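Biologist: I'm new to this one. Can you walk me through it?

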Amino acid sequence: MIDEALLRSLTPGVIGVLVRRGADFAAAEDAVQDALVEAVRVWPADPPRDPKGWLVTAAWRKFLDATRADTARKRREDLVDTEPEPGPAQESDDTLRLYFLCAHPSLTPSSAVALTLRAVGGLTTRQIAQAYLVPEATMAQRISRAKKTVGDVRFDRPGDVATVLRVLYLVFNEGYSGDVDLAAEAIRITRQLAAVVDHPEVAGLLALMLLHHARRASRTTDDGALVPLAEQDRGRWDTTLIAEGVEVLQAALAQDRLGEFQAQAAIAALHADAPAAEETDWVQIVEWYDELLELTDSPVVRLNRAVAVGEADGPRAGLKALAGLDETLPRYSAVAAYLHERDGDRRTAARLYAEASRKALNLAEREHLTRQAARLNN
Amino acid sequence: MAKYLLLKHYRGAPAAVNDVPMDQWSQDEISAHIKYMNDFADRLRDRGEFVGEQALAQEGTWVRYDGEGRPPVTDGPFAETKDLIAGWMIIDVDSYERAVELAGELSAAPGKGGLPIHEWLELRPFYGHAPTITE
């Protein structure tokens, strides 16, 4: 059995070595993909003692094969001869730069996601295509265009870590479809990032992912229906992931540089901390939403805050917190329906749940909201 | 990252600006139209935005269950007034705005006189994933 997670985790480092030896990013990335394919074929029968060294050798050979021009090869071989062996610090710098490159602001979100999953995550184009339900040829084109777009970006200075985090957040939130578990991949890649950069928001995002991933088994029924947080079987939450998430979050908060991912993780941690839904510390959750609003001033945060206010101070207060929000916001009607039902107005709640189901952005939510409306109508 | 269906109708859409049926075009006009459609799909493939496309025959039948042990009931062909889908293209794009832009480009396919048809296309979003993080 070959350890695919290990294999994938080596990808960014090996690309980094090739780039340092003089390969351009696009060619290095292709060569490493080819080497990964060979590893999957060869390793089961003949496992290497030094997996990374094996991959570097194989990828470098593939890179040289791909660049036929003698002069170019000579130049690159000269480069190898003069290049000192990298120390650990340089390796983590290389890995970090690769994250920045793959999330470069010149890329569209879908391109950044695809490139990150391939060059940093070590997934194959086919796996990425399956995860996003598009043909493999389409995904191959998306990746190849993305590589061209960042082709001229200098590979020598770090960018803004926030762009990287946004890409990883997108991957995590996509969840699970087909053979590739994108949530698990996002966690793996974020862990890898957290290992090379000490930044409280990187830790905050990792904690947020761990705390939400911990609830995965309880979030849907066996036939895929959504289970709201209050009704989830908390006995099925993964306590190991929660403990790790809380620990990562506390270390991040201790740095006293609050950011939106830390605040979101703090909210998730408060939910995780409640043995039963009724024991949730909603007052503190509202406080964290206030912090989040200071940081982002996002209408989605205001909407979620209204739910928390409804729990902390009663449904009337929650409805009051909704005032002034744009009613076309996704989930606005669902939140209003919930608060009206808590306030005893079943008729308005049923109407709003039906409206919310028509505006749902995904099938699972649509079905959940339709059931809520039907429950109140019958 | 969202999928959209571009739906083309034989009947049922509002009238196009250049609304001359294809059987009254010249050979060259027909060729130019087909080339435009193929080039459009190729550009989508090249940009990594293409998911799929299919065309549907004009013939169709209504079918429904008619009770245990009985064959399904069929009805049709469709009445002349009925909305009739001609085919579709599925795209995977970064935004609604991009989807509208592409639909507009497809609607500019040339018809009679080599001028854009300005055909009305129906743009329908697919349901996405239920996001993991909602609170």
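Modeller: What follows is a short tour by question and answer. This is a predicted model: local features need pLDDT of at least 70, side-chain atom pairs count only at pLDDT 80 or more, and totals for chains, interfaces and linings use all residues. Residues are numbered from 1 along each chain as its sequence is written, while chains are lettered from A and ligands numbered from 1 in the order in which they are written.

Biologist: How many residues does each chain put into the contact?

Modeller: Chain A gives 28 residues and chain B gives 17 residues. Two residues are in contact if their C-beta atoms, placed from the backbone, lie within 7 Å.

Biologist: Which elements give two or more residues on the side of chain A?

Modeller: Helices H6 (109–120), H8 (136–149), H9 (161–174) and H20 (363–377) of chain A. Helices (H or I, at least four residues) and strands (E, at least two) are DSSP runs, numbered from the N terminus. The largest share, six residues, is from H8(A).

Biologist: What classes of residue are on that side?

Modeller: There are 14 nonpolar, ten polar and four charged. Ala, Val, Leu, Ile, Met, Phe, Trp, Tyr, Cys and Pro count as nonpolar, Asp, Glu, Lys and Arg as charged, and the others, Gly among them, as polar.

Biologist: New topic. Where is Leu361(A)?

Modeller: Leu361(A) sits in the loop between helix H19 (346–359) and H20 of chain A. Leaving aside neighbours within four places in sequence, Leu361(A) contacts Pro330(A), Tyr127(B) and Gly128(B). The C-alpha atoms of Leu361(A) and Pro330(A) are 7.6 Å apart, though the two are 31 residues apart along the chain.

Biologist: Why does Leu361(A) count as partly exposed?

Modeller: Because Leu361(A) has 16 C-beta neighbours inside 10 Å. A residue is buried if 20 or more other C-beta atoms lie within 10 Å of its own, exposed if 12 or fewer, and partly exposed in between, with C-beta atoms placed from the backbone.

Biologist: And the largest nonpolar core, how many residues?

Modeller: It has 121 residues. Such a core is a set of buried Ala, Val, Leu, Ile, Met, Phe, Trp, Tyr and Cys residues joined through C-beta atoms within 7 Å. Among those with the most contacts inside it are Leu168(A) and Leu211(A). The largest share of this core, nine residues, comes from helix H11 (residues 200–213) of chain A.

Biologist: What does Leu211(A) touch?

Modeller: Not counting residues up to four places away in sequence, Leu211(A) touches Ile242(A), Gly245(A), Ala265(A), Ala268(A), Ala269(A) and Ala272(A).
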